[in-house]
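Subject: Structure for you to look at

Dear colleague,

I am handing over the structure we spoke about, and I would be glad if you looked through it before reading my notes. The notes come after it.

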Amino acid sequence: MKSVKSLLLIVATTVALASVATVKALNFGADTEKDELLKQLTSEPISIPTPTDFERWPEPVYVYSGGTNTASTADATGHMVDGVKVIYYKTLVWGDVVADFSDFKAKVAETLNDSRGWVRAGLKFVEVSSGQDVNVILSDPASLGITAGCSSELSCTTWANQVIINDVRWREGTDASRAGGMSARDYQHMVVNHEMGHWLGHYSHIEGCDAGGPAPIMLQQSTGLRGCDSFNAWPLDFELWTLR
Ligand SMILES: [Zn+2]
């Protein structure tokens, strides 16, 4: 595992400039630009609601760790079955985790295919042991801390197809989620949907609510509600689009 992490850091260093360029290129400023990009990326476009005013495509708020994946190659990993895009994922462990891995695997599968989740955007998630599009990783904080672009405090998604869930947050949530009365299970739903949302193409965070209501899934609820009325573990209607 150490060699994999070392490689990741080396890759991160060597392609950092390229990654920054890619992220900037994807930080589309107008809907027309976004539509053009989506046409290129989706062979079978799904219905994409117009983002509301408060999703303004701000500058990316975190840095990707490098790796070889870019959005322009993402579509090559897509698999349409009966009109549904199948996302193949693999679950992994990094470091010394406390959470039960079997329980983690079962709960991730439950969240990803829940009828309230990203399946509403025309996706289906299938767990595999090889040939995956994306890795869903249960990680101890120390391993997250040495992953470029991530921190030991929270969970993280990297440009190298890694949706990384922090073992401590998985078990305990955050100060904000606990204070707000979010259940441990809802926090788990939220963090899996949020991080998978980044991988699906929601690269930036939504920074607030225009008129109260539940927090969008792509708002960083781990650190607070930013003017929204309530915690929410599932993508809202206007968030039901994907670049995958
Ligand atoms: Zn995030």
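Below is what was found, beginning with one helix and moving on to its surroundings.

Please keep in mind that this is a predicted model. Helix 8 covers residues 184-200, and at 1.5 Å a residue its 17 residues should span 24 Å, which agrees with the 24 Å that separates its end C-alpha atoms. Of these 17 residues 14 are buried, so helix 8 is largely enclosed by the rest of the structure. Just after helix 8 comes glycine 201, which takes a positive phi of about 130°.

The largest nonpolar core has 40 residues, and those with the most contacts inside it are Ile137, Val163, Ile164, Ile165 and Met196. Among the elements that give two or more residues to this core are strand 4 (134-139), strand 6 (162-166) and helix 8, and the largest share, 7 residues, comes from helix 8. This fits a general pattern: in soluble globular proteins, nonpolar side chains tend to be buried together.

One residue of helix 8 is glutamate 195, which counts as buried because it has 22 C-beta neighbours inside 10 Å, where 20 or more are needed. Leaving aside neighbours within four places in sequence, glutamate 195 is in contact with Ser155, Thr157, Val163 and Ile165. Although glutamate 195 and valine 163 are 32 residues apart along the chain, their C-alpha atoms are separated by 6.0 Å. Isoleucine 165, for its part, touches Glu195 as well as other residues, including Ile137, Trp170, Val191 and Val192, again not counting residues up to four places away in sequence.

With best wishes

Definitions and conventions: Residues are numbered from 1 along each chain as its sequence is written. This is a predicted model: local features need pLDDT of at least 70, side-chain atom pairs count only at pLDDT 80 or more; totals for chains, interfaces and linings use all residues. Helices (H or I, at least four residues) and strands (E, at least two) are DSSP runs, numbered from the N terminus. The expected span of a helix is 1.5 Å times one less than its number of residues. A residue is buried if 20 or more other C-beta atoms lie within 10 Å of its own, exposed if 12 or fewer, and partly exposed in between; C-beta atoms are placed from the backbone. A nonpolar core is a set of buried Ala, Val, Leu, Ile, Met, Phe, Trp, Tyr and Cys residues joined through C-beta atoms within 7 Å. Two residues are in contact if their C-beta atoms, placed from the backbone, lie within 7 Å.
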